[in-house]
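Biologist: I have a chain on my screen and a list of labels beside it. Could you help me see what stands behind each label?

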Amino acid sequence: MSPSNFPTVHPTHVPTSISPTSSSTGSSSPSISMTDMPTQAPLFLTHDEPGQYNPSFFNYNISDGSRFGPQSWDNVTGLNSTSNYWYEFGMHESQCSKGAQSPIDVCTQPVKHCEEWHEFRSKRGDFKISSETVEKQILPNKLRALMMRRVGDEPDPPHVDFSGVGYANLDLLNIDIKIPSEHLICGERYDGEMQYYFFHPVKQSLIAVSWLFEAKPDNLVNQHMQLLIDEFQKVYDDNEESCKADMNVTTIQNQTAAGHESLTYTRARGSSHNRRMKKEREPVWDPFHEDIQRTIHFWGYRGSLTEPPCSPDSVLWRIMDVPVPISSGQLMQMKNILFNNRDGDSCAFTSTHYKGSVARPITKSIRYYKCTRSDYVSDDERELCGDSGCQLPFGKDLNHYFEPIVNVTGPHSDSPTSLPSIIPTAN
């Protein structure tokens with residue numbers, strides 16, 4: 001697929017209004033209007049900035065003169081405490097205008113060579129997504145699934161053996177979901193981005209694996225992703241119930257009339273009324289399930305966090321080159337959870353989005369590489385047909401092979417690389 005042939009469901013700019021169409025089926029998709037509609041309040045109202053000074057507050061207001069938007073993130077302080085999630089990794093000073101910053105736009109002409117020699121080898125662990133081993137959080141700028149940390153051999157969170165980093169079996173720390181995507185592919189912004197974070201104790205760097213969401217109008221419900229979305233829905237529903245118990249109903253109605261109109265959409269079948277049944281038969285949730293991981297290849301580069309403290313050169317990014325398909329209804333459900341969530345105690349809206357976006361604008365270009373089949377084939381294909389792979393390509397676990405979003409023309413290793421006799425270690 002060439003960059004010019006991207007489906008129009010991927011607008012480069014966030015639409016100004018989204019209106020769900022009425023339908024009796026669960027596969028209905030919202031109609032997206034790219035034109036201004038001044039007579040209609042936006043579905044997701046951008047919230048007021050705080051009147052009182054909050055040193056750690058930031059948002060995504062990209063308008064000129066914004067005190068808290070991305071252009072002002074260097075002013076964010078108060079990060080030198082455990083309230084800053086990244087503090088434990090030594091990232092506590094806002095450096096949002098220094099060094100190599102993320103996200104970036106990756107495309108067809110990488111200027112570096114692929115640094116891997118085999119697919120990253122994942123193990124799903126033994127976590128169930130509804131259990132207490134995974135804490136679900138609706139944060140101002142993301143949906144986060146926080147994994148319980150390993151102590152000795154237990155618990156057993158999902159973990160990955162990355163090639164090229166000199167360390168095996170790094171545990172998954174957290175999953176962050178941003179809407180829309182932060183990284184761009186040849187100038188195109190996708191509907192969302194799901195980021196898996198790991199920490200490399202020798203390199204003292206995070207490793208982030210990024211999956212792009214694609215919500216085409218005719219996409220079916222991604223059942224495996226729905227298990228995760230349902231868990232965030234529970235948190236959202238609990239917050240709403242707390243508000244209704246603590247607030248006068250009239251107050252809620254007044255705030256709704258002020259611009260927070262109730263969102264109506266059809267959830268995926270079984271997403272609410274079958275929760276009890278689903279919990280009884282729920283399998284271990286695999287972050288690398290075939291409904292999510294449809295490729296073993298990616299763009300890679302060293303960059304930063306995409307939010308304060310934006311620590312430069314602190315993240316080894318891997319942007320997977322085949323998107324995760326979700327339905328338009330699932331996208332709308334995640335938007336509603338993130339953008340319309342209320343604090344369970346104060347009932348204040350929590351989101352810091354700007355016009356339906358919690359994506360940091362892209363920064364100046366950073367040198368990146370791209371791993372393709374010319375660098376390595378899947379482990380199972382290599383075992384079946386040798387290092388050169390099979391005539392008919394296969395993906396992970398000999399699943400169907402999906403073509404990448406775009407094909408690169410930049411430098412790559414000799415085709416394909418064999419496993420080294422001595423595995424290099426971290427410097």
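Modeller: Happily; this is a predicted model, and we can take the labels one by one.

Biologist: Let's begin with the whole chain. What makes up its secondary structure, and what share of the residues counts as buried?

Modeller: The chain comes to five helices and 17 strands. Of its 427 residues, 53% count as buried, and the cut-off for that word is under 20% relative accessible area.

Biologist: What share of the contacts joins residues at least 24 apart in sequence?

Modeller: Among contacts between residues at least 6 apart in sequence, that share is 71%.

Biologist: Now to the helices. Why is α1 called roughly parallel to α4?

Modeller: Two packed helices are described by the angle between their axes and the distance between the axes. Helix α1, residues 223–246, packs against helix α4, residues 328–339, at an angle of about 30 degrees, and their axes are 10 Å apart. Angles under 35 degrees count as roughly parallel, so α1 is roughly parallel to α4. The crossing of the two is left-handed.

Biologist: Which residues meet there?

Modeller: From α1 there are M225, Q226, I229, D230, F232, Q233 and Y236, and they meet Q330, Q333, M334, N336 and I337 of α4. Sorted by class, this contact has six nonpolar, five polar and one charged residues.

Biologist: L331 is also in helix α4. Why does L331 count as buried?

Modeller: Its relative accessibility is 8%. The cut-off is under 20%, so L331 counts as buried.

Biologist: Which residues does L331 touch, beyond its neighbours within four places in sequence?

Modeller: Those contacts are D191, A215 and I326. L331 and G192 are 139 residues apart in sequence, yet 8.1 Å apart in space, C-alpha to C-alpha.

Biologist: G192 brings us to β12. How do you know that strand β12 is largely enclosed by the rest of the structure?

Modeller: Strand β12 covers residues 192–200, and nine of its nine residues are buried, so it is largely enclosed. The two directions agree: G192, M194, Y196, F198 and H200 point one way, E193, Q195, Y197 and F199 point the other way, and all are buried.

Biologist: What makes β9 and β13 partners of β12?

Modeller: Two strands pair if there are at least two bridges between them. Strand β9, residues 174–178, is joined to β12 by five bridges, and β12 is joined to strand β13, residues 205–214, by nine. Both counts meet the cut-off. Strands β9 and β12 run antiparallel, with I175 opposite Y196. Strands β12 and β13 run antiparallel as well, and H200 stands opposite S205.

Biologist: How many residues lie between β12 and β13 in their hairpin?

Modeller: Four residues lie between them, and Q204 in that turn has a positive phi of about 55 degrees.

Biologist: And β15: what makes that strand mostly covered?

Modeller: Strand β15 is residues 315–320, and six of its six residues are buried. Both faces are covered, with V315, W317 and I319 on one side and L316, R318 and M320 on the other.

Biologist: Which strands are joined to β15, and in what sense?

Modeller: Five bridges join β13 to β15, and these two run parallel; the bridge partner of I207 is L316 in β15. Six bridges join strand β14, residues 298–303, to β15, and that pair runs antiparallel. There, Y301 stands opposite W317.

Biologist: Some sheets have edge strands. Why are β4 and β8 called edges?

Modeller: An open sheet of three strands has the order β4-β7-β8, with antiparallel pairing. Strands β4 (121–123) and β8 (170–171) each pair on one side only. Strand β7, residues 159–161, pairs with β8 over two bridges, which meets the cut-off of at least two. In that pair, V160 stands opposite L170.

Biologist: What kind of pairing does the sheet β3-β10-β11 have?

Modeller: This open sheet of three strands has mixed pairing. Its edge strands are β3 (105–106) and β11 (188–189), each pairing on one side only. Strand β3 and strand β10, residues 184–185, pair in the parallel sense over two bridges, and V106 stands opposite I185.

Technical notes: Residues are numbered from 1 along each chain as its sequence is written. This is a predicted model: local features need pLDDT of at least 70, side-chain atom pairs count only at pLDDT 80 or more; totals for chains, interfaces and linings use all residues. Side-chain values use heavy atoms; hydrogens and water are left out. Axes are lines fitted to C-alpha atoms, for helices over the stretch in contact, and angles run from 0 to 180 degrees between N-to-C directions. Angles under 35 degrees count as roughly parallel, over 145 as roughly antiparallel, 65 to 115 as roughly perpendicular and the rest as oblique. A crossing is left-handed if the near helix is turned anticlockwise from the far one by less than a right angle, and right-handed if clockwise. Contact means heavy atoms within 4.5 Å. Ala, Val, Leu, Ile, Met, Phe, Trp, Tyr, Cys and Pro count as nonpolar, Asp, Glu, Lys and Arg as charged, and the others, Gly among them, as polar. Buried means under 20% relative accessible area, exposed over 50%, partly exposed in between (1.4 Å probe, protein chains only).
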